[in-house]
2 protein chains.
Amino acid sequence: MGWYNRAMETSANTKVPDPGAGGSPPSAPRWLNEEERATWFAFASVLLRLPGALDAQLQHQAGISHFDYIVMSTLSESPGRTLRMGSLAVMAESGLPRLSQVVGRLEKRGWVTRTADPTDGRSTLASLTDEGWEKVVETAPGHVEEVRRLVFDPLTKAQLKRLNELSRRIMITVDPEDRCLR
Amino acid sequence: MGWYNRAMETSANTKVPDPGAGGSPPSAPRWLNEEERATWFAFASVLLRLPGALDAQLQHQAGISHFDYIVMSTLSESPGRTLRMGSLAVMAESGLPRLSQVVGRLEKRGWVTRTADPTDGRSTLASLTDEGWEKVVETAPGHVEEVRRLVFDPLTKAQLKRLNELSRRIMITVDPEDRCLR
DNA sequence: ACCCATCGGTTCAGCCTTGAACTAAAAGAA
DNA sequence: TTCTTTTAGTTCAAGGCTGAACCGATGGGT
């Protein structure tokens, strides 16, 4: 049964869209076979729940979101603990509006400061404060532990290798432009 | 460099949290090695961007979110195209408040109806209407095509098998209770 | 020098999600 | 039976995300 492998074809009210009237695919859809379907459901569950689990750990133990952590730790690893908003947005895989809001909140909490770029009046430089550094330092161990618990501990060394390769492959399609500078 | 493998230790302002004062880990953190770190960054990118890509396709071609699609297709595969809200919530991996709102919107659009369960006055039954069925029928091919393009086409058959196994392993840790009824 | 197109960010409005409070029905205890 | 507790959903308020409009700064063309 499933809207991915077309077992529905034999179900009640069978009416299958042959020449795509509303959608995009110009020709007959390539449905998923049973193995692909099972894989997709398992993977989709991970996509749906793992981010929430990571957020929950950081939220409860440090009072910050996963995205907050990404922003601050990225800054902490940059020269002078400083980055232009645009570069930071790329590294954090976010748009500028979102980043602007998040940095605003982090600034209010005293962990980040914004200053105008002296070499280009349009740019804004975001810098991690000492308090921000301290926050990252005390938050990192718990977060890393959670990543390890949820992702690495359940996997064998071989699976880990596969996961890496496989993730890169997928990302190449999802965003071909993405500088994989990480 | 990174807040996962502790290369930061040798960075400016080195001060490493030894006995966790604020976090949870009772002993020294088990940092990630270089391979684990690279894998995590690649995988995190996928977690961050793939859901958005799937949403975008459905939004542009059908005017619904990925979650809307999950809800309606789950109903379409259920006996009588009907499910109790609670069961639907479990299958869609969502909480009841969110589901209630989404079903409310789908109801306004004429794709779902809610009726009281005759056997238990507390329960609500959500059913897919004929229009809802039609919507799923015309949306499915384009969505499946996108899943294939983003996830399966870039992977070899062997990688696909790994992805399945690996996703299940991770889900077992993320949510041990989860009935893997899908 | 001036104008116009573009760039880098911010702000705003609308929508969605999350968690807490709330309602109604069913099950269990006295 | 009556009272209490638990279950199933909904509703409400607060906060976050997305896309569109906006604004100052820059650079390129004339």
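**Exercise 1. Find a base contact to DNA strand D, then describe the protein surface around that strand.**

Step 1. Start at Q101(B): an N or O atom in its side chain is 3.3 Å from a base nitrogen of DNA strand D. This is a polar contact, that is, a pair of N or O atoms within 3.5 Å; within protein, one must be able to donate a hydrogen and the other to accept it, and residues adjacent in sequence count only if both atoms are side-chain atoms. Before going on, note that the model is predicted: local features need pLDDT of at least 70, side-chain atom pairs count only at pLDDT 80 or more, and totals for chains, interfaces and linings use all residues. Residues are numbered from 1 along each chain as its sequence is written, chains are lettered from A and ligands numbered from 1 in the order in which they are written, and side-chain values use heavy atoms, with hydrogens and water left out.

Step 2. Now turn to the phosphates. The side chain of R105(A) has an N or O atom 3.2 Å from a phosphate oxygen of DNA strand D, and a backbone N or O atom of G121(A) lies 2.8 Å from a phosphate oxygen of this strand.

Step 3. Widen the view to the residues near the strand (one heavy atom within 4 Å of it). There are 18 around DNA strand D, and R98(A), G121(A), G86(B), S100(B) and R114(B) come nearest. On the DNA side, 77% of the strand D atoms within 4 Å of the protein belong to sugar or phosphate, and the rest to bases.

Step 4. Assign elements, where helices (H or I, at least four residues) and strands (E, at least two) are DSSP runs numbered from the N terminus. At least two residues each come from α4 of chain A and from α3 (85–91) and α4 of chain B.

**Exercise 2. Which residues place polar side-chain atoms by DNA strand C?**

Step 1. For the phosphates, look at S100(A), with a polar side-chain atom 2.9 Å from a phosphate oxygen of DNA strand C, and at R98(B), also with one 2.9 Å from a phosphate oxygen.

Step 2. For the bases, go to Q101(A), where a polar side-chain atom lies 3.3 Å from a base nitrogen of DNA strand C.

Step 3. Sort the surface by class: 5 nonpolar, 7 polar and 7 charged residues. Here Ala, Val, Leu, Ile, Met, Phe, Trp, Tyr, Cys and Pro count as nonpolar, Asp, Glu, Lys and Arg as charged, and the others, Gly among them, as polar. The largest share, 5 residues, comes from α4(B).

**Exercise 3. How are chains A and B related?**

Step 1. Superpose the copies by least squares on the C-alpha atoms of residues with pLDDT of at least 70 in both. A turn of 180° and a shift of 0.0 Å along the axis lay chain B on chain A with an RMSD of 0.1 Å.

Step 2. The two copies are therefore related as by a two-fold rotation axis. In chain B, L47(B) has the C-alpha nearest the axis, 2.9 Å from it.

**Exercise 4. At what angle do α6(A) and α5(B) cross?**

Step 1. Fit lines to the C-alpha atoms over the stretch in contact, with angles from 0 to 180 degrees between N-to-C directions. The axes of α6 (residues 157–174) of chain A and α5 (residues 130–152) of chain B come within 8 Å and cross at roughly 130°.

Step 2. So α6(A) is oblique to α5(B); angles under 35 degrees count as roughly parallel, over 145 as roughly antiparallel, 65 to 115 as roughly perpendicular and the rest as oblique.

Step 3. List the contact (heavy atoms within 4.5 Å): I170(A), T173(A) and V174(A) of α6(A) with R149(B), L150(B) and V151(B) of α5(B).
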